[in-house]
Structures are given as C-alpha cells and as structure tokens.
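Biologist: I should like to learn how to read a predicted model, beginning with its strands. Could you please guide me through one?

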Amino acid sequence: MSWINDRAPIQMKYYILFGPPGAGKGTQASAMVERYNLHHISTGDLLRKEIKAGTELGIKAKTLIEAGSLVPDEVVEGMIENEFKTVKGVDGFLLDGFPRTLAQAQALDELLARNGSEVTAVVSIMIPDEMIIERIRHRATIEGRADDANVDTIKNRIATYHRQTEPEIAYYDAKGKYYQADGVGTIEEVRSRIFDIVDKF
Ligand code: AMP
C-alpha cells in the first residue's frame, strides 16, 4: 500500500535543497515551506533531536557528527521513510541535508519509485569554500551547535561535502533535475533566486 494515501502520488513534490554546509539551506527552507506548503525534513535536525533525547541512535550519531563525518546511510534513509509515511496534508517535501551520498540518492529514487513518484527538482545553493567557514562561525554564535564550534570539524565537513556529496550534482544533472541558485548575497536575494526556480514546478 502506498504511504501517500491522502493525495495522488503524482501531485506530490519532492524537492532537495542542496549545497555545502553553511550555504543557508536551513534559512531558505522556512520561506520555501511556507510558499509551497511543504514539510521540511532536515536529517541534521532529526539527528540533533535524537542526541538531545539521549537515544541509542543519538549516542552513536554524536561522535560522528562532532567529528564532521557522516552517519551511516541506513540511519538517515530510515528517518526519511518514516517522515514520508507519517506526514500528511502537505503538497510535498523539502529535503535538507539529505541525500548526502550517491547511495542515499539512489535509495531515495528507489523509495519514491516504489510509490509511483520521483524527485521533482534539486535546488542547489552554492557558495565558495572560503565563505563556508565565515558563515558557519557566524552561525556558531547564534545556534550553539557543537559541530560549528571547532575549526577541524568544519574543515572535515567541507572535505566530506566535496568527497561524498558533490558527486550528486552530476547524478541529478544527468537526469535534468539540477538547478543552481547563487548563494552569495542577502537572504532576500537568495530567496528570490530560489523562488524563480521553484515557481516553475
Ligand atoms: P546538517 O545539520 O545538515 O549540517 O548535518 C549535521 C551533521 O549530521 C552532518 O555533518 C552529519 O554528521 C550528520 N548528517 C546530517 N544529514 C546526514 C545525511 N543525510 N547522511 C549522513 N549524515 C548526515
């Protein structure tokens, strides 16, 4: 049985918000969610909740997150499937921080295909590497995330992004689903570039 039982699968939108750490994905997600009636799924936020709640999963994830490494694919894939199954009444989902590896991208494609759906578009917010550290350091003063506070962790997150996540660009580009917004500028400027892309779907 399909988990999309309150809407025809074909109507549901599945957007991926893509970009390096510190690109502004979380900030831009709120505006997108409101404009397009989407449910925001941030795997990073879900993992931080598990850590806060002190669950077994959270305890395992904490060490990896604080080192700037990725948690295992199966862990986040399970979280995504669970959100798809339980959240109703929206026009689609906005995935933020997922997929982060090619294996996750393929698992997502399979999960959606099993339910007669597919990724609608990948919206990429791009900023140069030299801006990442500056943005994350600024966020550290506001949000107090442990993985934002340590320069070695930030550097490993940037390296992890280039090594494990960036290959997704070619993967989605080959499917004609990759759209890039320049992430340099004010929040409002970047937002309007994103809206220009997503309004078309
Ligand atoms: P974020 O809030 O998206 O920056 O994620 C914070 C951290 O959570 C990452 O550096 C990873 O350690 C972990 N994480 C979040 N999403 C994923 C994912 N899709 N796959 C693996 N690890 C993830």
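Biologist: Which residue stands opposite A121 in β4?

Modeller: The partner of A121 in β4 is Y15. Helices (H or I, at least four residues) and strands (E, at least two) are DSSP runs, numbered from the N terminus. This is a predicted model, in which local features need pLDDT of at least 70, side-chain atom pairs count only at pLDDT 80 or more, and totals for chains, interfaces and linings use all residues. Residues are numbered from 1 along each chain as its sequence is written, and side-chain values use heavy atoms, with hydrogens and water left out.

Biologist: In which sense does β4 pair with strand β1, and in which sense with β5?

Modeller: Two strands pair if DSSP finds at least two bridges between them. Here strand β1 (residues 13-18) and β4 pair in the parallel sense over 4 bridges. The pairing of β4 with strand β5 (residues 178-182) is also parallel, over 5 bridges, and I125 stands opposite A181 in β5.

Biologist: Which residues point one way from β4, and which the other?

Modeller: In a regular strand the side chains alternate between the two faces of the sheet. In β4, A121, V123 and I125 point one way, while V122, S124 and M126 point the other way. Strand β4 (residues 121-126) is largely enclosed by the rest of the structure, because 6 of its 6 residues are buried. Buried means under 20% relative accessible area, exposed over 50%, and partly exposed in between (1.4 Å probe, protein chains only).

Biologist: Where is R48 placed, and is R48 buried or exposed?

Modeller: R48 belongs to helix α2 (residues 43-53). Its relative accessibility is 28%, so R48 counts as partly exposed. A polar contact (a pair of N or O atoms within 3.5 Å; within protein, one must be able to donate a hydrogen and the other to accept it, and residues adjacent in sequence count only if both atoms are side-chain atoms) of 2.7 Å joins the side chains of R48 and D45.

Biologist: Which residues come nearest to the ligand?

Modeller: A residue is near a molecule if one of its heavy atoms lies within 4 Å of it. Of the 16 residues around the ligand, T43, R48, S69, G97 and Q104 come nearest. The largest share of this shell, 4 residues, comes from α2. A polar side-chain atom of T43 lies 2.8 Å from a nitrogen atom of the ligand, and a backbone N or O atom of S69 lies 2.5 Å from an oxygen atom of the ligand.
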